[in-house]
Amino acid sequence: MSVITTERRGDILVIISNSPPVNALGADVRIGLKAGIEEAIADETVKAVVIRCEGRTFFAGADITEFGKPPVEPLLPELVDMIEDCPKPVVAAIHGTALGGGLETALACHYRIAVPSAQLGTPEVKLGLLPGAGGTQRLPRVAGIEAAVELCATGNPIGAAKAESLGLIDRLAGETSLVEDAIAFAQEMIAQGRRKSRELPVKGDPAAIEAFAKANARKFRGLDAPAANIACVEAATRLPFAEGMAFERAQFMKLIFGTQSAAMRHIFFAERKASKIDGIADDIALRPIRKVGVIGAGTMGGGISMNFLSAGIPVVIVEQEQAALDRGTGVVRKNYEASAAKGRIKPDQVTQAMDLLTATLSLEELADCDLIIEAIFENMEVKKEVFAKLDTIAKPGAILASNTSYLDINEIASATSRPQDVLGLHFFSPANVMKLLEVVRGAKTADDVLATAMSIAKKIRKVAVVAGVCDGFIGNRMLMPRQVEAMKLLMEGATPEQVDRVHVEFGMPMGPFQMADLAGVDIGWHRDPNRIENVRDALAAIGRWGQKTGKGFYDYDEKRNPSPSAEVQAIIDDFSAKAGVVKHEISDEEIVERTLYPMVNEGALILAEGMAQRASDIDVVWIYGYGWPVYRGGPMFWADLEGADKIVKGLEKHGFAVAPLLKEKAEAKGRFT
Ligand code: T1G
């Protein structure tokens, strides 16, 4: 059964794509569309054409799984031109998402109609690419230069109403009457005839392109694709269509064979794979989550609550003292009001969310919650006490979760009579913003509990990854060897600025020491200023707690700009001398070998121990939780680019014990991803 069928509706030939899950423009779809247009052209009684899709969405782009495989004709640019050259008016009927090659197909249609809920965009840049089927040349002609450069370089979609205001779509259909409205529209356009996008003049101010590039330079740091997208739109303002298309093609070919796009496509699929749990059926029955309890109204508790409130799920938040409770709920309200002030949410959404929040000093009020998340300070005894209490309060079947970032979930679960209902939900701060969620599977966690946690994570728009119970789970466990080595490098002659520069040039948002200053040098400090065992103790003892005290590893001005500190350097030199460390010239390469290679090494241990299901999950953790540059695909994908043998040599050179799995990959010239 072809994925493309046609049907006659009076003078109109309707070409219908039905290729789940998202009508990606794979070979079958392209071949079918071509045949449909040929049928329309060949049949004189056909006066106009409608192209529409069944299922949840219009074409969501080229089929990304085909990239890197031998091309099958017709190629998308060719098909798009053929649609545009159809002598009879062609109308695109859009619902769900018209993305990438899907929007380019719609742009080649002579007219576009969409339901109000439709989203339109060119997300190729998020795959390290650009719209390679004429999008960068037709968009400036149909929607204008300003909209074109924004859509192409950011990859963010727009709604149908905005698209209509830009002229990107010609008409809004009824939300439930798209097919009828599209056929009526096509009927109307018979008299008008076709309107080729490529023949329209480019509209808008070319100066907007440079202004846009300047305004976003920082955001696009390290990425190749945004500049290429901008260059293509700019080319459209000065080159005839055919030459603009050739320019676009050349830029596209450069990007598609580059490592950045390979890395970003890897992350596209890795993110979707992460939601799958090996060994558990996709259709396992999930536990209903209609009400959530959160214990602790501190920074984490408040942020965690917001995720559920924003998803329309009632939350009961518990604290020990009224003042702490008022402070916590006050911060939640302030955060919502700030989002409303920035226009990110509507004012009535603030009320809606706050109306779903119940604040209480009594744990007993959690008795009818389906999921209870503990977010109190990191102390095993206190957590076990709370879970033992919860065990007597929570209803049968309730899921009990801890937000601990490193404590043993199995030990916490052992404080209850229902360890099968216990797991870890490790949110990242700020919990209402950070997308990553480590779902920590205890030794006795039931399959439906784990599956329910993964599904609720999707509902609150988190990217969830399953982690096993070990110190620091996946992310923090790999962070530790990096931080330890970074400190050693300081003792041996590197400076905080040098180590951080190497990480920032690598593409991280900040280096280990800037990160320590942001999180707080006093985190985990024993609070005894007389006990100085390492550089961090020494800094903490003199109030160098980081940005919050205006000084840490760096000094900070009122705008929080860091500058090197002679006082810190003196402390480091003193420790180094006392420890008898011989300093040496440290190269940037050595910093990479000693801070990033050990992370890969730890990743290999995590995989071998089964603490992560797959290497791509580790990559998702680092991209969504620690700011690893997406164009490097995550530590394990990067390890494949770097080469396991080179990493093994680098680790051995610096005396690290190499993980057996990493050695194996090196010997077999194997890959992790
Ligand atoms: N190709 C192949 N598979 C795709 C796909 C695509 N374009 N889009 C989605 N899938 C798969 C996905 O892997 C998952 O599979 C299933 O569909 C459901 O997706 C020349 C070069 C459309 C907004 O970048 O943004 O066009 O895990 O879980 O949350 O210019 O999918 O079930 O096996 O994400 O409802 C440009 C990518 C391509 C859009 C739906 N297009 N897709 O989100 O479902 S490049 C994109 C999305 C291009 C041309 C260029 C989202 C979605 P599985 P899902 P969702």
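Helices (H or I, at least four residues) and strands (E, at least two) are taken here as DSSP runs, numbered from the N terminus. The model used in these exercises is predicted.

**Exercise 1. The sheet**

Give the order of the strands in the open sheet of 6 strands, name its edge strands, and place helix α1 relative to the sheet.

Solution.
- Step 1. Reading across the open sheet gives β1-β2-β3-β4-β6-β9, and the pairing is mixed.
- Step 2. β1 (4–9) and β9 (171–172) each pair on one side only, which makes them the edge strands.
- Step 3. Helix α1 (residues 27–42) packs on this sheet and touches β1, β2 (12–17) and β3 (48–53). The direction of α1 makes about 175° with that of β2.
- Step 4. Strands β4 (residues 90–94) and β6 (residues 111–114) run parallel and are joined by 4 bridges. In this pair, I94 stands opposite A114 of β6.

**Exercise 2. Two cis peptide bonds**

Locate the cis peptide bond that ends at P21 and the one that ends at P430.

Solution.
- Step 1. Most peptide bonds are trans, so a cis bond deserves a separate entry.
- Step 2. The bond between P20 and P21 is cis, with omega about 5°. P21 sits in the loop between β2 and α1.
- Step 3. The bond between S429 and P430 is also cis, with omega about -5°. P430 belongs to the loop between β15 (422–427) and β16 (436–441).

**Exercise 3. Positive phi**

For R527 and R560, state phi, the location in the chain, and the exposure class.

Solution.
- Step 1. Most residues other than glycine have a negative phi.
- Step 2. R527 is not a glycine, yet has a positive phi of about 65°. The loop between α20 (512–519) and α21 (535–541) holds R527.
- Step 3. R560, likewise not a glycine, has a positive phi of about 65°. Its place is the loop between β18 (554–556) and β19 (562–564).
- Step 4. Buried means under 20% relative accessible area and exposed means over 50%, with partly exposed in between. R527 has a relative accessible area of 45%, so it is partly exposed. R560, at 46%, is partly exposed as well.

**Exercise 4. Salt bridges of E84**

Which residues form salt bridges with E84, and are they buried or partly exposed?

Solution.
- Step 1. Side chains of opposite charge can pair when their charged atoms come close. The cut-off is a side-chain nitrogen of Lys or Arg within 4 Å of a carboxyl oxygen of Asp or Glu. By this rule the model has 48 salt bridges.
- Step 2. One partner of E84 is R138, with the closest N and O atoms 2.6 Å apart. E84 lies in helix α2 (residues 76–84) and R138 in helix α4 (residues 135–142), so this salt bridge ties together parts that are 54 residues apart in sequence.
- Step 3. R198 also forms a salt bridge with E84, again with the closest N and O atoms 2.6 Å apart. R198 is in the loop between α7 (178–192) and α8 (207–216), 114 residues from E84.
- Step 4. E84 has a relative accessibility of 0% and is buried. R138 is buried too, at 0%. R198, at 22%, counts as partly exposed.
- Step 5. These residues are part of a network of salt bridges that links D81, E84, D85, R138, K196 and R198.

**Exercise 5. A salt bridge with R9**

Identify the salt-bridge partner of R9 and classify the exposure of R9 and its partner.

Solution.
- Step 1. R9 pairs with E7, the closest N and O atoms being 3.4 Å apart.
- Step 2. R9 is partly exposed, at 29% relative accessibility. E7 is also partly exposed, with a relative accessible area of 30%.

**Exercise 6. A helix pair**

Describe how helices α25 and α26 pack, and list the residues that make the contact.

Solution.
- Step 1. Two packed helices are described by the angle between their axes and the distance between the axes.
- Step 2. For α25 (residues 615–625) and α26 (residues 635–642), the angle is about 115° and the axes are 6 Å apart. Angles of 65 to 115 degrees count as roughly perpendicular, so α25 is roughly perpendicular to α26.
- Step 3. From α25 the contact uses A615, I618, D619 and W622, and from α26 it uses P635, M636 and F637.
- Step 4. Sorted by type, the contact residues are 6 nonpolar, no polar and 1 charged.

Key
Residues are numbered from 1 along each chain as its sequence is written. This is a predicted model: local features need pLDDT of at least 70, side-chain atom pairs count only at pLDDT 80 or more; totals for chains, interfaces and linings use all residues. Side-chain values use heavy atoms; hydrogens and water are left out. Axes are lines fitted to C-alpha atoms, for helices over the stretch in contact, and angles run from 0 to 180 degrees between N-to-C directions. Angles under 35 degrees count as roughly parallel, over 145 as roughly antiparallel, 65 to 115 as roughly perpendicular and the rest as oblique. Contact means heavy atoms within 4.5 Å. Ala, Val, Leu, Ile, Met, Phe, Trp, Tyr, Cys and Pro count as nonpolar, Asp, Glu, Lys and Arg as charged, and the others, Gly among them, as polar. Two strands pair if DSSP finds at least two bridges between them. Buried means under 20% relative accessible area, exposed over 50%, partly exposed in between (1.4 Å probe, protein chains only).
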